[in-house]
Amino acid sequence: MARSQKEKVITDEVHQNQILRELYLKELRTQKLYTEYHVNPLRKVHTITRKPMSWHDNLEEPKDDRFLNLIHHTAQSPRKKYPQTQTESQEIGWDSEPLVNPERDDRRLNHFRVYNDITLYKAKMWSLGEDDRRK
């Protein structure tokens, strides 16, 4: 049986125990249990921001009108911000006003369902399962 050079066969238990002991001692040397923590002095520390809703932190700061106008301008809909569409997808709903006045009283455009005695009777019959709709 030819063995490769990479395979090492250790049959001696004393030698195996010595290798395991050396590994164990090496692990104990390299491991260290940290119980005290501190901030790394070589790393930049980020400042913690103040609480946005606390009243005592916001007393000394004056209002920035330019910033408030910018925020209100960005919150508006595109139709209020721009006179014309900026993208092709805005063209679809840009003119959303109805072409015809949507009055509900105009009978020419609104055809509501009207129920009379006979239509109510027939609707009830159909809901109960009668299938004579063609008669």
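Biologist: Hi! What share of the 135 residues in the protein is buried?

Modeller: Buried residues make up 4% of the 135. Buried here means under 20% relative accessible area, exposed means over 50%, and partly exposed is in between, using a 1.4 Å probe and protein chains only.

Biologist: Thanks. What should I know about the model itself?

Modeller: This is a predicted model, where local features need pLDDT of at least 70, side-chain atom pairs count only at pLDDT 80 or more, and totals for chains, interfaces and linings use all residues. Residues are numbered from 1 along each chain as its sequence is written, and side-chain values use heavy atoms, with hydrogens and water left out.

Biologist: And what pLDDT does the protein average?

Modeller: The average is 80, and 85% of the residues score at least 70. pLDDT is the predictor's confidence in each residue, from 0 to 100. Where pLDDT is low, the predicted coordinates should not be read in detail.

Biologist: OK, folds next. How many helices and strands are there?

Modeller: There are four helices and zero strands, giving the pattern α-α-α-α along the sequence. Both are DSSP runs numbered from the N terminus: helices are H or I with at least four residues, strands are E with at least two.

Biologist: Where among them is confidence lowest, and where highest?

Modeller: Helix 4 is lowest, with a mean of 86, while helix 1 (residues 13-30) is highest, at 91.

Biologist: How far does helix 4 reach?

Modeller: Its twelve residues reach 17 Å from first C-alpha to last, close to the 16 Å expected at 1.5 Å a residue. That expected span is 1.5 Å times one less than the number of residues. Just after helix 4, Gly129 takes a positive phi of about 115°.

Biologist: Switching topic: how many salt bridges does the structure hold?

Modeller: Just one. A salt bridge is a side-chain nitrogen of Lys or Arg within 4 Å of a carboxyl oxygen of Asp or Glu. Here Arg79 pairs with Glu97, and their closest N and O atoms are 3.7 Å apart.

Biologist: What does that pair tie together?

Modeller: Arg79 lies in helix 3 (residues 78-81) and Glu97 in the loop between helix 3 and helix 4 (117-128), so the pair ties together parts 18 residues apart in sequence.

Biologist: Are those two exposed or partly exposed?

Modeller: Arg79 is partly exposed at 39% relative accessibility, whereas Glu97 is exposed at 58%.

Biologist: And where is Asp95?

Modeller: Asp95 sits in the loop between helix 3 and helix 4 and is exposed, at 66% relative accessible area. The C-alpha atoms of Asp95 and Arg79 are 9.1 Å apart.
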